[in-house]
Each structure stands twice: as structure tokens, then as C-alpha cells.
Amino acid sequence: MLQDGIASPEHALARLRLPTSALCDYNIGMYGLINVAVRDLVVSQFGETAWADILAKSEVDESAFIRMGLNDDAVTYALVGAASEVLDLPASDILQAFGQYWTEFTVEEGYGELLDGFGSTLPALVQNLDELHTRVALIYEGLRPPSFKCENVTDGSMDLHYISERDGLDDLVIGLLKGLGKRFKVDVTVEQQSRKADGAPHSVFYVTWA
Ligand code: HEM
């Protein structure tokens, strides 16, 4: 049930050039692109019926998904919560699966070159994530991306500081890093060292790759 107004992947690049300023009169929230990715992941792995159940439970109006529009973050959180109930999986599993999926989804959506341009190895890309999101923000006006700081970088490890105004997305970061590992064909392990949810100023991960 692909709804109207959602571009096919081959149109994604053309869509990026659409002016977005008119959309910025609304409350700023996670971009609809993320919700579309959640839907694609659920439909491809669990089917249309599961997606329909998740939508019903989350009380999210599917027409609220605007690929280039600004959705309230609450939509994304409601979807993750409903997916966790309907699929009987912990929210942490859903977020990790989504993080892994995002690295493939963005490539399908025409952002592969962007990813290529910001690093040809896992540590290079991770060290350039702020620049990458700054570039994305040129297209997506009003973006509030997270910030990542890398410390103690060696040939096979780093401490990764994840600074975000949002809460509860640590598992998304873990999934993203695993997805990047797949992209760069390296085995990635992620150990959480501190959690914002436990009162730390921000979350920190010890990341290794080999
Ligand atoms: C070309 C690829 C990418 C694109 C187009 C992209 C785009 C975005 C967009 C649109 C958002 C929503 C921000 C908002 O609504 O204010 C976001 C958030 C986020 N991005 Fe990226 N991103 C990309 C790659 C990555 C990668 C590789 C990581 C790896 C760690 C990452 C980490 C995150 C995280 C953790 C968030 C959640 C927001 C938060 O914590 O506040 N992104 N990104």
C-alpha cells in the first residue's frame, strides 16, 4: 500500500532539488524520510498486514508521511512503540534493525554518493558524520542532526560520543554502526560505555572493527 506522493527511489535525487523552505513553517521534527524507511523495513520483513496493524496501534495517519516534509518526532516514536508491540520485539531490537536498514535505504534513495564522499572506510565516515549531516542540512532545511565526536582513534577502535537533543535512540546508533560495518565489509562490535538515559551528559560507545 504505497501511498500517493511517495516518490520511487529513482526520483529521489530529482526530489532533493525541490525547495523545502515552505515546509519549514511547521514544527520541526524528524523528516518523513525516516518514517518511510520504517514502513519499508516492516513491509519487506513482516508484510503489509503487520504494517497495517502498527499504523492502527500507533494511531499515526499515513498521510502524515511526507518524504520531504517535517514530521513531529512523536510520529517516529509512536511507530517504533507500536512496531514493538505488534511484532512482539523489544524497541531496542526494532531500533537496531532500523539503524542497519537505514544504511541500505539511504543508498537506495540516492544518497550513496554522499556516503562515498564522506569516507571510504568506517572510521573515516564516522569521523565525518557531522560534516555529512551538515551537507544533508543544505537539502533538508531545519534539520536537527546529532553530533558525533571520536576520541582515542586507533587502527581498529575508537570511543564514539553521541550528542543528541533526542532521547532513546542509542540502539539506533548501534544499528547504524553495524550497518556501516556491512557497507565497509568489516566486523563491528559496539559496547556502550555511558548512557544519557542513566544521567550521563551524553552516550558514549566503544567501537571496534576488524
Ligand atoms: C547519506 C546518509 C544519511 C542521511 C541522508 C541522513 C539523514 C538524516 C536525517 C534526515 C535525520 C533526521 C534529523 C532531523 O529530523 O532533525 C538523521 C538523524 C540521525 N542520523 Fe543521519 N543520515 C545519514 C547517515 C547517517 C549515518 C551513517 C549515521 C551513523 C551513525 C547517522 C546517524 C543519525 C542519528 C543517530 C540520527 C538521529 C537523530 C538524533 O539523534 O537526534 N546518519 N539523519
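These questions and answers walk through a predicted model, from its overall make-up to single residues.

Residues are numbered from 1 along each chain as its sequence is written. Because the model is predicted, local features need pLDDT of at least 70 and side-chain atom pairs count only at pLDDT 80 or more, while totals for chains, interfaces and linings use all residues.

Trainee: What pLDDT does the protein average?
Mentor: pLDDT is the predictor's confidence in each residue, from 0 to 100. In this model 83% of the residues score at least 70. The average pLDDT is 83.

Trainee: Over which residues is the pLDDT below 50?
Mentor: Where pLDDT is low, the predicted coordinates should not be read in detail. The stretch in question has 34 contacts in the model beyond near neighbours in sequence. Two residues are in contact if their C-beta atoms, placed from the backbone, lie within 7 Å. The stretch is residues 1-28.

Trainee: How many helices and strands does the protein have?
Mentor: Helices (H or I, at least four residues) and strands (E, at least two) are DSSP runs, numbered from the N terminus. Along the sequence they follow the pattern α-α-α-α-α-α-α-β-β-α-β-β. That comes to eight helices and four strands.

Trainee: What percentage of the residues count as buried?
Mentor: A residue is buried if 20 or more other C-beta atoms lie within 10 Å of its own, exposed if 12 or fewer, and partly exposed in between; C-beta atoms are placed from the backbone. The protein has 210 residues. The buried share is 30%.

Trainee: Which residues touch the most other members of the largest nonpolar core?
Mentor: A nonpolar core is a set of buried Ala, Val, Leu, Ile, Met, Phe, Trp, Tyr and Cys residues joined through C-beta atoms within 7 Å. The largest one here holds 42 residues. The residues asked for are Ala37, Ile54, Leu79, Ala83, Phe98 and Val173.

Trainee: Which element gives the most to this core?
Mentor: Elements that each supply at least two residues include helix H2 (32-46), helix H4 (73-87), strand S2 (157-163) and helix H8 (170-183). The core also draws at least three residues from each of domain 1 (9-92) and domain 2 (118-209); these bounds come from an automatic or database domain assignment. The top contributor, with seven residues, is H5.

Trainee: Which residues does Ala83 touch?
Mentor: Residues up to four places away in sequence are not counted. That leaves Val42, Ile54 and Ile94.

Trainee: Which residues are closest to the ligand?
Mentor: A residue is near a molecule or strand if its C-beta atom, placed from the backbone, lies within 6 Å of it. In this model 26 residues surround the ligand. The closest are Tyr111, Arg144, Pro146, Ser164 and Leu176.

Trainee: How do the residues of this shell divide into nonpolar, polar and charged?
Mentor: Ala, Val, Leu, Ile, Met, Phe, Trp, Tyr, Cys and Pro count as nonpolar, Asp, Glu, Lys and Arg as charged, and the others, Gly among them, as polar. H5 gives the most to the shell, with five residues. The split is 19 nonpolar, four polar and three charged.

Trainee: Where does the ligand lie relative to the domains?
Mentor: Both domains give residues to the shell around the ligand. The ligand therefore lies between domain 1 (9-92) and domain 2 (118-209).

Trainee: Is Trp102 buried or exposed?
Mentor: Trp102 lies in helix H5. Not counting residues up to four places away in sequence, Trp102 touches Ala37, Leu176 and Gly179. Because 21 other C-beta atoms lie within 10 Å, Trp102 is buried.

Trainee: What separates the C-alpha atoms of Thr103 and Leu180?
Mentor: Thr103 is found in helix H5. Thr103 touches Leu176, Gly179, Leu180 and Arg183, leaving out residues up to four places away in sequence. Thr103 and Leu180 are 77 residues apart along the chain, and their C-alpha atoms are separated by 6.5 Å.

Trainee: What is the phi of Glu59?
Mentor: Most residues other than glycine have a negative phi. Glu59 lies in the loop between H3 and H4, and with 8 C-beta neighbours inside 10 Å, Glu59 counts as exposed. Its phi is positive, near 55°.

Trainee: Where does Lys185 lie?
Mentor: Lys185 is exposed, with 7 other C-beta atoms within 10 Å. Lys185 has a positive phi of about 55° although it is not a glycine. Its place is the loop between H8 and strand S3 (188-194).
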